[in-house]
Amino acid sequence: MKFEIGSTAYIVESNRIVREVKIVKRNGNFYIVRFGTSGGIQVRGNRLFETAEAAESFIVKQKEQKKGYNSPYGYLH
């Protein structure tokens with residue numbers, strides 16, 4: 001999905017917070033987005049969502065996939 005410059009999108013921060021951003025620039029599949037008036041970052045297009053609900057459903061899917069905890073020491077066998 002491609003976003004137009006100046007349009008509003010949503011990203012998921014730290015796999016738990018949905019944040020509204022504004023598209024500032026596009027270069028290939030990378031977008032520079034701005035948070036309100038302060039700060040901005042460059043993200044891939046697959047991290048952007050058209051609606052807040054779509055971003056929320058992504059968080060739910062991520063939580064469902066994380067089942068249990070694997071210790072890094074468990075891989076030393």
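Two strands count as paired here if DSSP finds at least two bridges between them. With that in hand, look at strand 3, residues 30–34, and strand 4, residues 40–44: they pair in the antiparallel sense over five bridges. One place to see this is Ile-32, whose bridge partner in strand 4 is Gln-42. Five residues sit between the strands of this hairpin, and Gly-36 takes a positive phi near 60° there.

Now step back to the whole chain. This is a predicted model, and its secondary structure comes to one helix and four strands. Walk along the sequence and you meet them in the pattern β-β-β-β-α.

The other hairpin to look at joins strand 1 and strand 2, which pair in the antiparallel sense over six bridges. Here Tyr-10 stands opposite Glu-20 in strand 2. Three residues lie between the strands of this hairpin, where Ser-14 takes a positive phi near 55°.

What about the inside? The largest nonpolar core has 10 residues: Phe-3, Ala-9, Ile-11, Val-21, Ile-23, Tyr-31, Val-33, Phe-35, Val-43 and Leu-48. Strand 1 (8–13), strand 2 (17–27) and strand 3 each supply at least two residues of this core. Apart from it lies another core, this one of five residues, including Tyr-10, Val-12, Phe-49 and Ala-55. Keep in mind that side chains in a regular strand alternate between the two faces of the sheet. In strand 1, you can follow Ala-9 and Ile-11 into the largest core, while Tyr-10 and Val-12 belong to the other one.

Val-33 is a good residue to click on in the largest core. Leaving out residues up to four places away in sequence, Val-33 touches Val-21, Lys-22, Ile-23 and Val-24, then Gly-39, Gly-40, Ile-41 and Val-43, and also Leu-48.

For a contrast, try Lys-2, in the segment before strand 1. Is Lys-2 buried or exposed? Lys-2 counts as exposed because its relative accessibility is 62%, and the cut-off for exposed is over 50%. Lys-2 still has partners: setting aside neighbours within four places in sequence, Lys-2 is in contact with Arg-26 and Tyr-31. Lys-2 and Tyr-31 are 29 residues apart along the chain, with their C-alpha atoms separated by 9.7 Å.

A few totals round out the picture. Of the protein's 77 residues, 21% count as buried. Among contacts with a separation of 6 or more, 37% come from residues 24 or more positions apart. The accessible surface comes to about 6000 Å², and 49% of that belongs to carbon and sulfur atoms.

Terms used: Residues numbered from 1 in each chain as written. Predicted model: local features only at pLDDT ≥ 70, side-chain atom pairs only at ≥ 80, totals over all residues. Heavy atoms only, no water. Core = buried A, V, L, I, M, F, W, Y, C linked by side-chain atoms within 4.5 Å. Buried < 20%, exposed > 50% of the residue type's maximum accessible area, 1.4 Å probe, protein only. Contact = heavy atoms within 4.5 Å. Areas by Shrake-Rupley, 256 points an atom, 1.4 Å probe, with all protein chains shown as cover.
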